[in-house]
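Here's a quick briefing to read alongside the model. Have the sequence and the 3D view open as you go.

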Amino acid sequence: MNYLSTIKKTVGSAALIAIGILLPLCFHSIPNAGSIFSPMHIPVLIAGFLFGPLFGLGVGLLTPLLNSLITAMPPLYPVLPPMMVECALYGAVAGLLFRLVKTKWMYLDLYLSLIAAMLVGRLGGAFVNYLVYVGRGDAYSWSIFVNSYFLMGWPAILIQLALIPSVVFALFKSHLMSREDRFLFPHKERAAMAKEQASHFGKLAEKWAGYAEGKAACEAWLKNMDDAEGSVAASDALLACLNQCKDCGCEADALVQEIDKDKDCLVKKSFWMIGGDGWAYDIGYG
């Protein structure tokens with residue numbers, strides 16, 4: 001299972017910021033297109049779902065700011081401050097809830113997280129708008145809030161609800177994203193998952209007491225689970241035994257199916273850094 005590294009998340013976030021700058025340019029010729037279609041919100045929400053709350057927060061802050069500095073849309077004041085808060089909350093809340101809300105159906109997780117993020121972001125933007133209005137000596141009412149964030153922007157709401165869950169779901173189904181990318185605290189959750197795996201294999205070895213080849217495969221995997229090279233051969237042997245036993249109706253059947261769901265986690269990860277001979281010279285010289 002290949003989870004996204006910090007470098008990949010950073011590069012992906014930069015690409016989504018670029019999309020968040022280019023996409024609104026396509027709508028500038030349409031009057032009030034920003035309020036109606038909110039094209040900037042799409043890459044921000046996707047960043048939160050894919051890369052987590054911190055990257056979602058960063059993309060949410062930088063995308064409207066860079067848009068304002070580069071294209072003067074939105075204006076620095078009074079539109080930019082509430083938009084930055086709104087987008088930052090979109091990315092952060094979407095990323096956080098998608099890693100906390102885990103039902104049996106990913107589409108349900110996506111929609112629950114998306115709807116909550118859209119509501120929290122709008123409330124955050126409305127609060128900053130209220131402060132701006134009060135600072136100017138104007139009154140901010142519920143009718144202004146509802147009209148600007150819901151009535152005028154209903155096409156944007158429909159587009160986001162239709163598009164974003166499908167995009168994120170497709171990335172997970174195509175294995176460009178993995179289950180580990182939904183971990184909120186990756187190191188702790190991977191350690192817990194490894195402990196759970198070890199417990200499963202210990203129980204499976206006991207249930208396979210009469211299946212010599214399977215019991216040996218379990219014991220070999222437990223012995224090599226922390227060895228990047230040894231876990232490859234041990235996992236191959238174990239998978240062959242799991243495939244033979246799957247749906248056979250024996251007492252180990254439920255446990256086999258449970259382990260089979262996480263079979264792409266069986267091989268210990270190894271990490272490589274590749275560089276030129278200048279690296280070796282510099283490091284050795286230093």
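What follows covers one helix, some aromatic pairs and two charges over rings.

This is a predicted model, where local features need pLDDT of at least 70, side-chain atom pairs count only at pLDDT 80 or more, and totals for chains, interfaces and linings use all residues. Residues are numbered from 1 along each chain as its sequence is written, and side-chain values use heavy atoms, with hydrogens and water left out.

**Helix α12**
- Helices here are DSSP runs (H or I, at least four residues), numbered from the N terminus.
- On α12 (residues 253-261), the buried residues (under 20% relative accessible area, 1.4 Å probe, protein chains only) are D253, L255, V256, I259 and D260.
- They sit on the same side of α12, because they span an arc of only 160° around the axis, taken from the directions from the helix axis to the C-beta atoms.
- A254 and K261 are exposed (over 50%) and lie on the face turned away from the buried side.

**Aromatic pairs**
- The structure has 9 aromatic pairs, meaning Phe, Tyr or Trp rings (six-membered ring for Trp) with centres within 6.5 Å; planes under 30 degrees apart are stacked, over 60 edge-to-face and the rest tilted.
- F27 and F37 make a tilted pair, 5.4 Å centre to centre with 40° between the planes.
- W142, F145, Y149 and F150 form one aromatic cluster.

**Charges over rings**
- R122 has its charged end over the ring of F150, 5.8 Å from the centre; the cut-offs are NZ of Lys or CZ of Arg within 6 Å of the ring centre and within 35 degrees of the ring normal.
- R136 lies over the face of Y133, 4.9 Å from the ring centre.

Conventions: Helices (H or I, at least four residues) and strands (E, at least two) are DSSP runs, numbered from the N terminus.
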